[in-house]
Amino acid sequence: MSGKIKVGVIGLGVGQAHAHGYQASPDAELVAVCDADSRRLNEQGDRLGISPEARFTDVNEMLAMPGLEAVSVTLPNYLHAPVTIAALQAGKHVLCEKPLARSAAEAQTMVDAAKKAGKTLMVCFNYRYREDARWLRALSDEGKLGKIYFAKAGWLRNTGIPGAGSWFTHKDQAGGGPLIDLGVHVLDLTLWLMGYPKIVSVSGNTFAEFGPKGKKSSRKLQGEVHYDVEDLAAGFVRFENGASLSIETSWASHTKAGRDDYFVTLYGTEGGSELYVPNYADRDTIAFYTEEGGIPVNIHPAIVTRGGGHTMATAHFVRCLIDGVPPESTGEQGVALLKVIDGLYESAKTGREVRFD
Ligand SMILES: NC(=O)c1ccc[n+]([C@@H]2O[C@H](COP(=O)([O-])OP(=O)(O)OC[C@H]3O[C@@H](n4cnc5c(N)ncnc54)[C@H](O)[C@@H]3O)[C@@H](O)[C@H]2O)c1
């Protein structure tokens, strides 16, 4: 492929970040937007400078637009699979928001469709593209951590149930609560930094102590709201290479007021690292610990990040299409992650460890 890739964005919530990313990329041209909510569509269409005839409330009409080569699918989780598959069958490359789908089995149908269509499917794990995460990845690639034998990953909020009563808090539409919503990001970051080792078993538990009582929502609630997902999840993962990982995620918990922090801590034989991002901070988020000649060494690189990584993720997607190379965050990794998440939910339900063969 050469020249600019003609891209459309389907769903204009976080899809706005994709649209801005494409507009900032020298390799892309944002040619169309789609949202079922016509008010949002027109507000964003005006803001993005998209002509009225390139604004769609119907996905299939947008997919039929001549010249459209690729789309971002930034819809509620239950729509990822049907819309991605329709886009792939219409000959478009797809950048799909996380989680790839509500379950590994559903995500696998998307990977199969991409293979059949011969098109690219990338999952948007945008936090990988932040400068702090890339610094840690370079550290890990250079062997500065040695063998990573234990990792701690988490995303904890005091008060932050998103869209209580909306698709986010319907298990059948979202697939789950904070584990699939936030945990998917930190699990991906951790597995990516560890080189996606093979998983042998998971054990987890989930709790719903606030959501069903209408508490700790990120927006003011009126009346009763539907809530059948967890609001805190914790788990433990074992890898074939002997390493382990612990994970904790919450949308709602009695923790530090205002807390909305994610973290990845790696313990290696040669060094340890900490990524700790409080409230989407853009600096002072990473540290590397080792020792030289028995003397402890602490390194805090002065790295400033630019946002949540969407601009770089969208730029990477279109660059891969032009270069004809697979993206860094593949559909297969999206499936692998959902296997862990499915396993943690199953373990929470049965009270038993889930083993993978
Ligand atoms: N990577 C990140 O940092 C990040 C951040 C937020 C959300 N997300 C993911 O992005 C996805 C969307 O989340 P959101 O917060 O933007 O949700 P949202 O509910 O705010 O926005 C979804 C949009 O999709 C539109 N929509 C729904 N059904 C549609 C249809 N059939 N056709 C066209 N438009 C339709 C809605 O009108 C809405 O504007 C989710 O999968 C979520 O997990 C990722």
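How many bridges pair β11 with strand β12 (residues 272-278), and in which sense, parallel or antiparallel? The two strands pair in the antiparallel sense over 7 bridges. The points below concern a predicted model.

1. The hairpin of β11 and β12. These strands form a hairpin with 3 residues between them. Within the pairing, L266 has S273 of β12 as its bridge partner. L266 of β11 also stands opposite A151, in the pairing of β7 with strand β11 (residues 260-268), where 9 bridges join the two strands in antiparallel fashion.

2. Strand β7 and its link to β10. Strand β7 (residues 148-157) is joined to β10 by 7 bridges, and this pair runs parallel. K152 faces S246 of β10 across the pairing. β7 is thus described by a parallel pairing with β10 and an antiparallel pairing with β11.

3. Strand β10 and the hairpin with β9. Strand β10 (residues 244-250) is mostly covered, with 5 of its 7 residues buried. Strand β9 (residues 232-239) is connected to β10 through 7 bridges and runs antiparallel to it. Here V237 is placed opposite L245 of β10. The hairpin of β9 and β10 has 4 residues between the strands, and G242 in this hairpin adopts a positive phi near 95°.

4. The parallel sheet. An open sheet is built from 6 strands, in the order β3-β2-β1-β4-β5-β6, with parallel pairing. Its edges are β3 (55-56) and β6 (121-124), each of which pairs on one side only. At the β6 edge, strand β5 (residues 93-97) and β6 are paired in the parallel sense over 4 bridges. In that pairing E97 lies opposite C124 of β6.

5. Helix α9 over the sheet. Helix α9 (residues 310-323) lies across β1 (5-10), β2 (28-34), β4 (70-73), β5 and β6. Relative to β1, the helix runs at about 140°.

6. Surroundings of the ligand. There are 22 residues around the ligand, of which G11, G13, A36, D37 and E97 come nearest. E97 is also the residue that stands opposite C124 in β6. By class, the shell consists of 10 nonpolar, 6 polar and 6 charged residues.

7. The cis peptide after β5. K98 and P99 are joined by a cis peptide bond, with omega about -20°. P99 belongs to the loop between β5 and α5. As background, most peptide bonds are trans.

8. Packing of α4 with α5. Two packed helices are described by the angle between their axes and the distance between the axes. For helix α4 (residues 77-89) and helix α5 (residues 104-117), the axes come within 9 Å and cross at roughly 5°. This crossing makes α4 roughly parallel to α5. The contact brings A81, T84, I85, L88 and Q89 of α4 against E106, T109, M110, A113, A114 and A117 of α5. These contact residues comprise 7 nonpolar, 3 polar and 1 charged.

9. Packing of α5 with α10. Helix α10 (residues 331-350) packs with α5 at an angle of about 170°, the axes being 8 Å apart. The two helices are therefore roughly antiparallel to each other. On the α5 side the contact involves A104, A107, Q108, M110, V111 and A114; these meet G331, E332, G334, V335, L338, K339 and D342 of α10. The class count for this contact is 7 nonpolar, 3 polar and 3 charged residues. M110 and A114 of α5 take part in the contact with α4 and in the contact with α10.

10. Positive phi at two tyrosines. Most residues other than glycine have a negative phi. Y196 has a positive phi, near 45°, and is found in the loop between α8 (178-194) and β8 (199-207). Y196 counts as partly exposed because it has 16 C-beta neighbours inside 10 Å. Y280 likewise has a positive phi, near 60°, and lies in the loop between β12 and β13 (286-292). With 12 other C-beta atoms within 10 Å, Y280 is exposed; the cut-off for that class is 12 or fewer. Both backbone values merit a place in this note, as neither residue is a glycine.

Notes
Residues are numbered from 1 along each chain as its sequence is written. This is a predicted model: local features need pLDDT of at least 70, side-chain atom pairs count only at pLDDT 80 or more; totals for chains, interfaces and linings use all residues. A residue is buried if 20 or more other C-beta atoms lie within 10 Å of its own, exposed if 12 or fewer, and partly exposed in between; C-beta atoms are placed from the backbone. Two strands pair if DSSP finds at least two bridges between them. Axes are lines fitted to C-alpha atoms, for helices over the stretch in contact, and angles run from 0 to 180 degrees between N-to-C directions. Angles under 35 degrees count as roughly parallel, over 145 as roughly antiparallel, 65 to 115 as roughly perpendicular and the rest as oblique. Two residues are in contact if their C-beta atoms, placed from the backbone, lie within 7 Å. Ala, Val, Leu, Ile, Met, Phe, Trp, Tyr, Cys and Pro count as nonpolar, Asp, Glu, Lys and Arg as charged, and the others, Gly among them, as polar. A residue is near a molecule or strand if its C-beta atom, placed from the backbone, lies within 6 Å of it.
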